[in-house]
Amino acid sequence: MMADNQLTQPVHTFFYNYILPFTGDGTKKTGQMDKKIDELIEGDNDPYCGGIIKTLVMKGDTFIVYLGENNGICWSTDEHEDFPDDFGLISNRVKTLESLSENIFKGDELKNINYLLAQGFARVLDDKCSDNANQVLDDVEKTINEHGRQLLKIKYIIASFITTIIIGTGLIVLWIFRNNVVPLVALNAFEVTLASLCGGIGAFISSFIRTNSFKADIQVPKSTYYLDGFLRIFYGIVAGFLTSLAVKSNLLLGIINDIDEKNLAILCFISTV
């Protein structure tokens, strides 16, 4: 008998096929290993690899493919299984796509994607050839790419939006309590701070407008897009700070400083743009 919790090449399964089911004296083990593969059902404890069969995908006389407790793809075969020559290529491809799906999806979405991947893997075991398996995996890979890019784009936007909300809240608070803040930090410092925060808001507007051209890479961890969304706004704040500082120092559009009534509004507008 053979069992494996992960998708591996046939050479790796030799131990499970011809060594694991036998004791040291050459006699076959007895007990739970005697239960046939085609007798296993959902909820059973797989006697070959020890996992619980959460969702059955496909089973035959000599193999079973299912999703485990964490919706991971699991499979078992017995010693009579005849692996096709390109079985290793299919198993490696399924494992790669499964890793990508785990990076992007969670919960039911992950379960649905891994179920489709498991069907592609089951096809190579059932058909003894990879034609149908590759066709299924091509469709699943396309789905992972399309849906994955959209989800990563949404995560990027959410990170940017949350950061902008925090900045906007700080901007409103500073303006409401300006009469208390200005005496503490001086007028120029207060105006530069407001203009810097406006730079972050401008960065969000610019990023949101350009989201249609945003290209996400599904092989990049999700945390990278959260960080990217935050940093995009942070860079806007830095740009707003440098712009307002240049204006206040008369290095850029110094004429604004001569307009007493509306110089703060103009300064914030320039920093935002």
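Leaving aside neighbours within four places in sequence, L117 is in contact with I73, V94, L97, E98, S101, L137 and V140 in this predicted model. L117 is also among the residues with the most contacts inside the largest nonpolar core, a set of 33 residues in which V65, F121, L125 and I144 are the others so distinguished. The elements β2, β3, β4, α2 (87-104), α3 (107-127) and α4 (131-176) each supply at least two residues of this core, and α3 gives the most, with eight residues. In soluble globular proteins, nonpolar side chains tend to be buried together. Apart from this assembly there is a second, separate core of twelve residues, including I167, F190, L264 and C268.

The strand contribution to the larger core is best followed from β3, which spans residues 63-67. Five of the five residues of this strand are buried, so β3 is largely enclosed by the rest of the structure. Its side chains divide between two directions, with F63, V65 and L67 pointing one way and I64 and Y66 the other way, and the residues of both sets are buried. A residue counts as buried when its relative accessible area is under 20%, and that cut-off is met on either side of β3.

On one side of the pairing pattern, strand β2 (residues 55-59) runs antiparallel to β3 and is joined to it by four bridges, with a hairpin of three residues making the connection between the two strands. Within this pair, M58 stands opposite V65. Strand β4 (residues 73-77) also pairs with β3 in the antiparallel sense, here over five bridges, and the hairpin that β3 and β4 form has five residues between the strands, with N71 in the turn showing a positive phi of about 65°. Across this second pairing, V65 stands opposite W75 of β4. V65 therefore has a partner in β2, namely M58, and it is listed as well among the residues with the most contacts inside the largest core.

These strands belong to a protein whose secondary structure comes to eight helices and four strands. From the N terminus on, the elements run β-α-β-β-β-α-α-α-α-α-α-α. Of the 273 residues of the protein, 42% count as buried, and among contacts between residues at least 6 apart in sequence, 60% join residues at least 24 apart.

Helix α4, which supplies residues to the largest core, also contains S160. At 2% relative accessibility, S160 counts as buried. Residues up to four places away in sequence not being counted, S160 touches F204, G229 and I233.

What does the accessible surface of the protein come to, and how much of it belongs to carbon and sulfur atoms? The surface comes to about 14900 Å², of which 58% belongs to carbon and sulfur atoms. A nonpolar surface patch of about 740 Å² is made by L227, F230, F234, Y235, V238, F241, L242 and L245. One of these residues, F234, is found in helix α7 (residues 222-248), and because its relative accessibility is 39%, F234 counts as partly exposed, whereas S160 in helix α4 is buried at 2%.

Notes: Residues are numbered from 1 along each chain as its sequence is written. This is a predicted model: local features need pLDDT of at least 70, side-chain atom pairs count only at pLDDT 80 or more; totals for chains, interfaces and linings use all residues. Side-chain values use heavy atoms; hydrogens and water are left out. Buried means under 20% relative accessible area, exposed over 50%, partly exposed in between (1.4 Å probe, protein chains only). Two strands pair if DSSP finds at least two bridges between them. A nonpolar core is a set of buried Ala, Val, Leu, Ile, Met, Phe, Trp, Tyr and Cys residues joined through side-chain atoms within 4.5 Å. Contact means heavy atoms within 4.5 Å. Accessible areas come from the Shrake-Rupley method with a 1.4 Å probe; for residues, only the protein chains shown count as cover. Patches are made of residues with over 30% relative accessible area and no salt bridge: like charges are joined within 9 Å, nonpolar side chains (Val, Leu, Ile, Met, Phe, Trp, Tyr) within 5 Å. A salt bridge is a side-chain nitrogen of Lys or Arg within 4 Å of a carboxyl oxygen of Asp or Glu.
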